[in-house]
Each structure stands twice: as C-alpha cells, then as structure tokens.
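Student: Please take a close look at the unusual backbone spots in this chain. Set them against the whole chain as well.

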Amino acid sequence: MACIQRTGWQERTPLGAGWELLRTAPGAAQSPAAVEALAGPWMPAEVPGTLASALRAQGADLAGAGDLDALDVWYRLHFRGPEDAPTAVLRLDGLATVAEVWLNGTRLLRSESMWQAHRADVGGLLRRDNVLHLRFLALGPLLAERRPRPRWKTRLVAQQQLRWWRTTFLGRIPAWTPPAPPVGPFRAVLLEHGRGPEVLEAQVRTQLAGESGRLELRLRTGRAQAPIPGVRVRLAGREAPLEGRALLDGSVEWTGRLEVPAVERWWPHTHGAPVLYPLSAELAGLGDIHFSPVGFRSVEADTADGGFGLRINGTRVFCRGASWTPLDVLSLSASPAQQRAALEQARDAGMNMLRLAGPFAYEDDAFHDACDALGILVWQDFMFANLDYPADDPGFLATVTAEAEALVARIGWRSSTAVFCGNSEVEQQASMLGLDRLQWRSPLFGEVLRAAVRSGSDVPYVPSSPSGGALPFQPGEGVAHYYGVGAYRRPLTDARRADVKFASECLAFANVPDRRTVEALLGDGRAASSEPLWKARVPRDRGVGWDFEDVRDWYLEELFGVDPLALRAADPERYLALGRVVSAEVMAATIAEWRRHGSGCNGALIWFLRDLWAGAGWGVVDSLGRPKAAYWALRRAFAPRALFLTDEGTNGLAAHLVNEAPDPVDGRLRVALYRDGQLPLRSAERAVRVEARGSTRVWAEEVLGAFVDVGYAFRFGPPGHDLVVARWLGAAGQSLAAPAFHFPLGRPARIDPVLQLEVRSVESEGRPALELTSNRFAQAVSLELEGSAPRDDFFHLEPGVPEVITLDPAGTATPRGTAWPLNAPGPTRVGGRS
C-alpha cells in the first residue's frame with residue numbers, strides 16, 4: 001500500500017535488537033520447543049539482516065561457510081510486550097525465503113515468498129515477556145524435490161528449480177555475486193500497537209488535468225472501539241472529506257478526491273525541480289495519518305518507429321543512469337541515510353533513472369522516498385529473470401499475482417516510478433536457445449503482470465527487457481540489452497550502426513577501482529591483476545572462455561594500441577592505470593553517440609551502478625562507495641548541458657551541444673587545434689544558441705572558417721594536428737559544459753617526459769578548489785586527496801588553459817594529496833612542493 005510514514009494514534013516498535021540465530025539440519029526441529037531442546041549454541045544476529053551478515057559480524061570467512069541454503073536457520077527474540085495496547089499487529093516486511101513465524105509457541109504464519117510482506121494480529125497472544133521464533137527452511141532440499149521440467153535451461157544459475165520459488169538470484173549466480181544467498185529477516189520486523197484502528201490499506205492515485213493536479217485517496221481502516229465521525233484529506237493547503245462505508249468484514253473504506261489548481265509539476269532533476277507536496281489525512285477524534293509526499297507528472301511511452309522512450313510531462317527525456325544493486329549484498333539492508341547518500345551520488349553524476357533489475361531485489365520505501373525527492377526515475381523490473389517460470393501452476397500464479405499487486409500499490413503512485421517491466425532476459429533466453437516465438441512470452445508477462453500494473457498505476461509496462469524486435473535482443477527496435485560495444489567487442493562505431501533506441505542494459509566492463517580500494521582488497525596494488533582473488537572477482541558469464549577483464553583488455557589494445565598481456569607482465573601498475581581510463585573512454589564515447597544531435601536513442605542504463613564486492617566489478621562506483629574513472633566520465637557525458645565531438649568522416653568533425661533546461665542558452669563555441677599536444681595552431685569562436693530542451697550541431701570547420709581536415713579524414717598529407725578541443729562558453733567566458741576532446745590520430749598512450757602540471761589551492765564560489773594548469777595536454781588527471789572530495793576527476797587538461805576543480809565543502813580548507821595525469825611520468829604534489 002502507499003507509504004504511511006506515521007499515524008497519530010499507533011506506535012511502531014522496531015524489533016531489531018537482541019536477536020539470536022541457530023543453524024540446524026533440515027527438519028531437525030519442527031517447533032520452537034524442539035529447537036530449544038537442541039544443544040547447539042545460539043549466535044548474535046542483526047535484524048534486518050541475514051545469516052550471511054551475522055556470520056560476517058562474527059568474523060567468519062564466508063568462502064568457507066558452506067552452502068547457506070543447506071541448513072535450517074532459526075531466529076529467536078525475547079522482548080517485553082507493550083502496556084495498555086488493545087490492538088497489536090506484528091509486521092514482517094521480508095522473510096528470505098520459506099519461513100514460519102511463531103509467537104509464544106503459537107504458529108502465526110508460513111511464508112513461501114521472499115517478496116511478500118506479512119501482518120498478524122497478536123493482541124490476544126502478547127504477554128509481558130514474549131519470545132518470537134522465525135524458522136527459515138533450508139532451500140536446498142526444496143530445490144531438490146521432483147517437479148515438472150522447464151522448457152529451457154539457463155546458465156545464469158546452477159539450480160533451474162529456483163523458478164518455483166520467489167527469491168533472489170543474489171548469492172546464487174556464481175560468476176556475478178558473493179556466494180552468500182540471503183537467508184533470514186532481511187526487512188524490518190515491527191510491532192504496531194495503540195488504541196485506534198489499524199490502517200489496513202492505503203491507495204493513492206495522482207494525475208494531471210490541464211494545469212491542475214488531481215489526487216484520489218482510498219483508505220481501509222480496521223475495527224475501531226468507537227465509530228469514526230469522519231476523515232478528511234489535506235494536500236497543498238487544501239482539504240476535502242472522504243466518504244466512508246462499512247464492509248462485510250467489519251472494516252471501513254474511505255474514499256475521496258481533491259483537486260489542486262495551478263499545480264507545480266514534478267520533473268526528473270535533469271529537466272526541472274522534483275516538486276512534492278505533503279499529504280495527510282485526519283481521522284476525527286484520533287489524529288493524522290502522514291503519507292510520503294506526492295508529486296504530479298505525466299509519463300507516456302513513445303514507441304514511434306518501433307522504438308521506445310519516455311515523455312515526462314509531454315517532454316522527451318533521455319533517460320540515463322544504471323542498474324541499482326543493494327548497498328550491502330549480504331544483509332540486503334541499508335539505512336535511509338546510506339541510501340540517500342548513494343542516490344545523491346547517482347544524481348550528482350547526471351543520472352536521472354535507475355533500474356531495479358529482475359535478478360536482484362525490490363527496494364524499501366526509504367529508497368523510493370529518496371528517488372521522489374531527488375528527481376530520479378525508477379525502472380522497476382518484477383523479480384523474474386532468465387528462467388522458464390511455471391505460469392500454468394495455479395499456486396505459483398496466485399503468489400506472483402499477489403506480489404505484483406502489492407508492489408504496484410506500494411510504488412505505482414510515486415512520481416519517480418516510470419516503468420514496470422515483467423522480467424529480465426526471459427524472452428531473450430528463450431529465443432537465443434532457438435525456441436519457437438510462441439514460447440518466448442508466457443501469459444504471466446503478457447497478461448497477468450500487465451493487468452496488475454494497469455489496475456493500480458498509469459506508468460508504461462514493458463513485458464520483458466529486452467524485447468520489441470524480430471528477435472528480442474536486436475537493439476534497433478524496442479528495448480535493448482546492448483553489448484555490441486562491450487562484451488561482443490565491436491568497434492565504437494557499432495554504437496551508431498546498431499541504431500539503439502533504448503538500452504535498459506549496456507556497457508558492462510570490469511571497471512578498475514582506485515588504488516586505495518585495490519590495496520584494501522589485496523594489500524599491494526602493483527601485483528593486483530595477477531592475484532587469484534582479483535581474477536575470481538572479475539565478472540563473467542558462466543560457460544564461456546572469457547571474462548569482462550578480457551573485454552576491457554580488447555578495448556585497451558583497440559583504443560591505446562598497447563598489448564595488455566605484455567603490459568600487465570612488465571608494468572602492472574601502468575596496466576591498471578590504463579585499464580581505469582579505457583572503460584571510461586569507451587563509455588563516454590558511446591553516450592556521446594547516443595546523446596548527439598539527431599540521435600534516435602532515448603536512454604542508456606549502465607549495467608551496475610555499484611560493485612557487489614571489492615574488485616574490478618561492473619559498477620562505476622566500487623563496493624566502498626568510491627567513484628571509479630568511469631563514473632567521472634559518465635558524469636560529464638550525462639550532464640544536462642553537454643558538449644560532444646563526433647567524427648563524421650569526410651563530413652568533418654561535428655560539435656553537438658545539448659541543453660535540457662527549460663530555457664534557451666546563448667553562448668559561444670570555441671574550437672582549438674594543437675600539434676604535439678602543446679603547439680597551438682588555430683582557434684576560433686562563433687555565437688551559438690541552443691533552444692530550451694533542445695540540441696544543435698555545429699561543424700568544427702564552420703567555427704574555424706576554413707577547411708583544415710579537422711578529423712584527418714582526407715589525409716592529403718602529414719597530419720597537421722593531433723588534438724582538437726571544443727569549449728562551450730558563456731557571456732563572461734565561463735564554461736557552460738565540460739570541454740570536449742578529439743584525437744584525430746588516436747588516443748595517446750605514451751608518457752610525456754616534459755609534461756609539467758601546476759596545482760594551486762584557490763576558492764571558487766566560496767568553496768575550496770584546485771586550479772590546475774599544464775604546459776602540454778594532460779590526459780585523465782587523477783586526483784587523490786586527503787580529506788577532500790573533488791567534484792571532477794580523471795579529466796583532460798587543454799594546454800595552457802587553467803581548469804578549476806571545486807572540492808566537497810566537507811573537505812579540508814587546504815587540500816593535500818597528488819594529481820597524476822595518465823601521460824605524466826609521476827604525480828604532482830597537492831598542498832606542498834611539486
């Protein structure tokens with residue numbers, strides 16, 4: 001149901017402290033009395049949490065902990081009951097996976113889905129001193145039971161019978177995740193008690209009607225000790241009554257509508273302000289119900305020309321971001337503050353959409369509250385992936401229908417919810433294995449989930465990701481998982497040739513983390529790439545003879561012209577430094593292609609925002625929350641105002657200026673040519689106007705005023721220059737976007753022995769900053785600072801042109817550390833002598 005933050009008459013008591021757990025053989029104890037008779041020692045446990053997170057807290061080596069799905073796990077909590085609470089409800093928001101719940105020796109419920117939240121009336125069972133038992137049945141023996149065989153098998157997971165159980169693939173994909181599947185109460189366990197009625201359901205619907213916003217609210221309250229005289233809804237300084245009617249089960253349904261004239265619209269942060277309004281309802285004589293704030297926006301799918309895109313408030317939005325993964329893959333739990341910080345990091349990178357992908361997990365209300373507040377759209381998969389799910393089994397279908405309806409009721413009304421998607425790669429899996437088209441999409445994804453979405457939300461529904469073409473994985477139609485540039489090792493030009501319309505997955509590389517994370521993992525970063533632990537954590541697809549480090553190495557040779565194997569053996573530190581930059585360069589070039597003026601692409605979601613564990617994972621942020629080089633490249637490429645250079649062959653070099661703001665931008669475009677990374681040959685400027693939420697293309701030679709073979713396409717003689725720099729400048733000469741760089745002869749890979757970098761501490765807009773100036777082109781300058789966080793990193797420097805990098809306000813006033821260009825023989829000291 002819609003998120004209720006609090007009520008004025010009920011108290012929520014988290015049951016989070018004092019838990020213990022015990023592992024037993026499957027079926028060794030069938031009741032609390034039986035488990036208490038066992039002699040095994042109980043160990044401390046955290047709730048929310050899992051067996052894996054409890055083992056970690058005890059310092060256990062999870063690699064040697066065995067199969068966590070092989071044993072039963074009992075949780076136990078002794079707690080004091082509330083005084084004077086006529087009503088009491090036990091809420092369990094997530095139990096992984098098959099579980100039984102007992103209070104004071106009485107069994108309350110059995111759960112067979114990790115995704116089902118539960119409530120149980122316990123007012124008649126509570127005592128002064130209580131004991132709560134949770135039994136999690138070993139999943140291994142359940143998976144071994146004989147069941148009908150699937151029509152196809154996937155290599156993604158080892159156990160195909162996972163298709164029968166509503167649980168996550170986390171911990172069960174050997175090549176992707178730590179080997180620690182979640183077992184336990186991974187969401188909150190709460191006791192709600194008070195003297196008023198329980199709110200059993202709350203449904204919110206918002207819509208735009210011209211310039212007004214309309215809100216519909218439906219509440220269902222439980223039995224009350226006395227009749228409730230009335231209920232009123234309040235929003236944006238207006239209020240309206242709700243009409244009540246008694247239902248056969250004794251509960252009361254309250255419904256009503258409220259209209260807000262001249263409502264401010266909610267926008268993704270790249271296009272405007274994510275305006276939210278506080279929402280509450282007053283129950284006369286009892287108090288208020290406070291809901292999560294609501295916004296007003298329209299969202300439509302644009303499927304013109306066989307493509308896919310989103311229009312928010314009637315405006316085309318280029319959706320960009322990444323697939324979200326749990327911040328703590330072992331506990332599947334994070335505090336609201338931790339989630340907010342991670343989401344702010346994504347927002348600051350220009351990401352306006354995150355995907356919750358089918359192999360992983362749904363998120364809690366705090367995550368969606370933060371997305372609403374920060375203006376981040378959510379692509380929400382239902383938690384299905386790759387397998388042949390038993391959609392014709394009545395019990396399974398009933399379970400997943402309830403799951404879907406509950407999810408849509410919980411988040412379908414939110415402004416940030418932009419897409420519901422039936423699954424991840426089910427259609428692709430079936431089609432790639434050669435099955436007939438009629439078997440690609442079952443009624444579960446074509447009808448059941450679609451109906452659940454339509455009944456409770458106005459957002460578009462996509463049956464499968466990917467889907468839409470003659471084959472589901474053809475990127476030129478519908479929704480694509482695009483790995484032409486990436487896993488399939490196609491040249492960068494394939495990003496245009498593939499004619500991608502919307503990439504809900506793309507650009508997976510084994511992204512190298514920074515030196516501090518490498519050393520935290522292995523102790524000595526110089527030899528990291530040859531360590532078995534390093535290689536074990538490089539993601540790969542099961543059953544193939546390559547991994548995603550091999551993919552990165554292919555582009556290292558393709559873009560920089562170096563032999564990765566020879567370099568790794570001779571100079572592993574240089575190998576890692578180039579490895580950090582190459583995936584960043586590939587991602588930036590691909591996003592530039594998809595965001596350029598005239599592109600038919602409407603979105604790109606990188607596969608993994610954050611690593612699941614330390615290593616060279618798919619994430620653009622490492623498992624400790626530190627951005628990688630790829631993050632910074634995307635931050636520049638994803639910016640609402642952006643400048644790109646693309647090589648258009650004999651047409652020349654094109655500059656693309658993108659403006660997503662609601663107002664036009666007048667400025668100047670400057671183009672400069674350099675030889676040997678230092679000698680200025682030619683530069684010129686021209687006025688340019690980019691319309692509101694628009695883009696334009698300007699040819700470099702239009703700016704320069706003459707043909708100079710800027711892209712070195714005609715090759716009439718020796719190249720005259722090896723570096724092109726474009727800048728989009730405002731009236732006062734300030735940069736309106738990150739500068740764009742082009743290398744007509746290819747990206748440089750050599751060390752420049754005469755490069756000199758000067759770094760000064762300055763102030764910029766009242767914040768500490770660094771001013772960096774280089775006598776020659778400085779490539780991918782990496783900042784490693786003590787106590788300060790830069791607002792840009794791994795950036796290029798134009799020769800002789802100062803660049804000011806602001807620092808996080810929380811940083812020290814006098815930053816110290818190093819600045820090290822990729823093409824410099826060594827670092828330059830920051831805050832001391834060079």
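Tutor: The backbone spots come first, then the whole chain. This is a predicted model, where local features need pLDDT of at least 70, side-chain atom pairs count only at pLDDT 80 or more, and totals for chains, interfaces and linings use all residues. Residues are numbered from 1 along each chain as its sequence is written, and side-chain values use heavy atoms, with hydrogens and water left out.

Start with the cis peptide bonds. One joins Ala-96 and Thr-97, with omega about 0°. Thr-97 sits in the loop between strand E6 (87-92) and strand E7 (99-103). Helices (H or I, at least four residues) and strands (E, at least two) are DSSP runs, numbered from the N terminus. Another cis bond links Ser-465 to Pro-466; here omega is about 5°. Pro-466 belongs to the loop between strand E26 (461-462) and strand E27 (480-482).

Now the phi angles. Glu-425 is not a glycine, yet its phi is positive, about 65°. Its loop runs between strand E25 (417-421) and helix H7 (426-432). Glu-425 counts as buried, at 15% relative accessibility. Buried means under 20% relative accessible area, exposed over 50%, and partly exposed in between (1.4 Å probe, protein chains only). Leu-507 also has a positive phi without being a glycine, about 55°. The loop that holds Leu-507 connects strand E28 (503-506) and helix H10 (515-522). Leu-507 is buried, and its relative accessible area is 0%.

Next, the frame around these loops. The protein chain has 16 helices and 43 strands. Its radius of gyration is 28 Å, close to the 28 Å from the globule rule for 834 residues, so the chain is as compact as a globular protein of that length. That radius is taken over C-alpha atoms, and the rule is 2.2 Å times the number of residues to the power 0.38. The C-alpha trace spans about 90 × 60 × 60 Å along its principal axes.

Burial and contacts complete the view. Of the 834 residues, 57% are buried. Among contacts between residues at least 6 apart in sequence, 68% join residues at least 24 apart. A contact means heavy atoms within 4.5 Å.

Last, charge. The chain carries 91 positive and 97 negative side chains, and the centres of the two sets lie 1 Å apart. Lys and Arg count as positive, Asp and Glu as negative; His and the chain ends are not counted. The place of a charge is NZ of Lys, CZ of Arg, CG of Asp or CD of Glu.
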